[in-house]
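Subject: A structure for you to look at

Hi,

Here is the structure I promised to pass on. Please open it and keep it beside this email as you read.

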Amino acid sequence: MVFIKYIIAAVCVVALSIKASEYVDLLDQKTELSGAFIGGVMLSAVTSLPELFTSISSTLLIHKPELCIGNILGSDLFNLVIIATLLIFAFKPFKNAKVSKGHTIVTLCVLAGYVTILLNAKNILNFNILNVSITSFIIVGLYAYSFKYLAGESGGDTMNEDCESPLTVKQILVRFVIVSIGIILSSITITYITDEIAEVLHLGSGIAGAIFLGVATSLPELASTVSLFKMQNYDIAFGNIAGSNIFNLIILSVTDVLYREGGIYTMNDPKNYILLIGGIVASLAFVAFMNCKNRVVQFAMLVTILASYGAFLIL
C-alpha cells in the first residue's frame, strides 16, 4: 500500500511539473525575459520546491537530517543523470544548439559547494557563526555570485509574435502559481511516504533520501526537462538543471538555519560520502561536456555522469 501511495504522489508531481514547463515556455515566448532567467531562476526554483519542502519536513518534522542531505545530494546527481540521458538520445539534434555560457559558471559554483560540504564533513572547515555553519554562508555566497549567470548576462530575448496561445501573461502567471502550490503539497506528502518506505525496507536515512526522496523530488526536473527537450528549448533546459542544483544547495543552508538540534553537514551515513564524490565527478564531467567541441569527448563525459550514479547504486 505504501508503494501505491508513493506512485500516486509521484505521478501528481510529474503531471504538475509538465504543466509548469509549458507555462514557462509560454512566458519565454510572450515576454522579453531571457531564456537563462526563465530556466535558471523561475523554473529551477519551482522544480526545486519538492526538495525544499521535503528537506524541511525530514529535518524539522521527522528529525532526520541525514534524510535531508541524502535528498539534496541525490537530487543533484540525479538531475545530471537526467540531462546526460536526454543528451545521449538527442546527441545529433543538440549539435548546433546554443546554450548560455553562464551554465558553466553556475555548475562550477555547485562544484565549489560540494567541496565545501566535504571539507565540513571532514572537520577541516567546520565552525559556526551565530550558530550557523560557515558552510551555509559560503553556499549563500556562491549562489549570490551565480545569480547574474542564472538570470542571463545579456538583455532579454525577442518576444515571439507568432505565439498561438490565447492566454495573457497574467493568466499564465496565475496558472503557474497554482501548479507550483500543487507541487509543494505533493512533495510534502512524498516525504512522509518515503520515511514509511525506509522503515518497511529497513534502509538507512541517507540511502532512502537519495533514492526515494532524491529521485521523487527530481521528477519535476525530469518532466520539465523532457518537455523542454521536445520543444528543443535547450537553453532553458540547461538553465533548469544547473539552476536547480545550485538552488538545492541553498536549501541545505535554509535547513541548517532552521535546525537547532545539531549540524546537517556531519554526514554520519557513509553512503552520503559516495553521493558527494559522485556529484563532484558528474559536475566536472558536465562542465567538460559544455566546454568541449569534440563530439567523442562530449559523449564520454555523458557516459561518465551516468557511471557516477551507477557507482553510487552499486556501492
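Below is what was found in it, topic by topic.

First, a caution. This is a predicted model. Please keep that in mind throughout.

**The nonpolar cores**

Start with the inside. The largest nonpolar core has 77 residues. Which residues have the most contacts inside it? They are I117, F229, F238, L249, L252 and F289. Helix α4, residues 65-89, gives the most to this core: 13 residues.

Take L252 from that group and look at what surrounds it. Leaving out residues up to four places away in sequence, L252 touches C68, I69, I72, I117, I264 and Y265. I117 is worth a second look here, since the name turns up in both lists: I117 touches L252, and I117 is among the residues with the most contacts in the core.

There is another core, apart from the largest one. This other core has 15 residues, including V13, L67, A198 and L213.

**The cavity**

Next, the enclosed space. A general point helps: rolling a probe the size of a water molecule over the atoms shows where empty space is left. How many cavities of 30 Å³ or more does a search of the whole structure find? The search finds one. The volume of the largest cavity is about 40 Å³.

Its lining is a short list, so you can find each residue on screen:

- L80, T107, V110 and I241 are among the lining residues.
- A242, N245, S283 and F286 belong to the lining too.

Three helices each supply at least two residues of this lining: α5 (102-121), α10 (234-258) and α11. The largest share comes from α10, with three residues. By class, the lining of the cavity has five nonpolar and three polar residues. No charged residue is in it.

**The pocket**

Now the open space. The largest pocket holds about 270 Å³. Its lining has 15 residues. Which of them lie nearest its centre? F94, A97, M290, K293 and Q298 do. Two helices, α11 (270-291) and α12 (295-314), each supply at least two residues of this lining. Helix α11 also supplies at least two residues of the cavity lining.

The pocket lining divides into seven nonpolar, three polar and five charged residues. Set that beside the cavity lining, which has no charged residues.

**Cysteines**

How many disulfides does a search of the whole structure find? Zero. In general, a disulfide is a covalent bond between the sulfur atoms of two cysteines.

Two cysteines are worth a click. C109 has a relative accessibility of 5%, so it counts as buried, under the 20% cut-off. C292 has a relative accessible area of 19%. Is C292 buried or exposed? C292 is buried, because 19% is still under 20%.

**Loops with a positive phi**

Two residues stand out for their backbone angles. N123 has a positive phi of about 65 degrees, although N123 is not a glycine. Where is N123 placed? N123 sits in the loop between α5 and β1 (128-129). At a relative accessible area of 58%, N123 is exposed, because exposed means over 50%.

Q232 is the other one. Its phi is near 60 degrees, a positive value in a residue other than glycine. Q232 is in the loop between α9 (219-230) and α10. Its relative accessibility is 55%, so Q232 counts as exposed.

**Some helix residues and distances**

Last, three residues in helices.

P270 is in helix α11. At 55% relative accessibility, P270 counts as exposed. P270 and Q232 are 38 residues apart in sequence, and their C-alpha atoms are 39 Å apart in space.

I277 also lies in helix α11. Its relative accessibility is 41%, so I277 counts as partly exposed: the value falls between 20% and 50%. From I277 to V179 is 98 residues in sequence and 34 Å in space, C-alpha to C-alpha.

T85 is in helix α4. T85 is partly exposed, with a relative accessible area of 29%. The C-alpha atoms of T85 and T266 are separated by 32 Å, and the two residues are 181 residues apart along the chain.

Best wishes

Definitions and conventions: Residues numbered from 1 in each chain as written. Predicted model: local features only at pLDDT ≥ 70, side-chain atom pairs only at ≥ 80, totals over all residues. Heavy atoms only, no water. Disulfide = S-S within 2.5 Å. Buried < 20%, exposed > 50% of the residue type's maximum accessible area, 1.4 Å probe, protein only. 1 Å grid on protein atoms, 1.4 Å probe; cavity = no way out; pocket = protein on both sides within 12 Å on 5 of 7 lines; lining within 4 Å. Points joined across faces, edges and corners; volume = space filled by probe spheres on them. Helix = DSSP H or I, 4+ residues; strand = E, 2+ residues; numbered from the N terminus. Nonpolar A, V, L, I, M, F, W, Y, C, P; charged D, E, K, R; others polar. Core = buried A, V, L, I, M, F, W, Y, C linked by side-chain atoms within 4.5 Å. Contact = heavy atoms within 4.5 Å.
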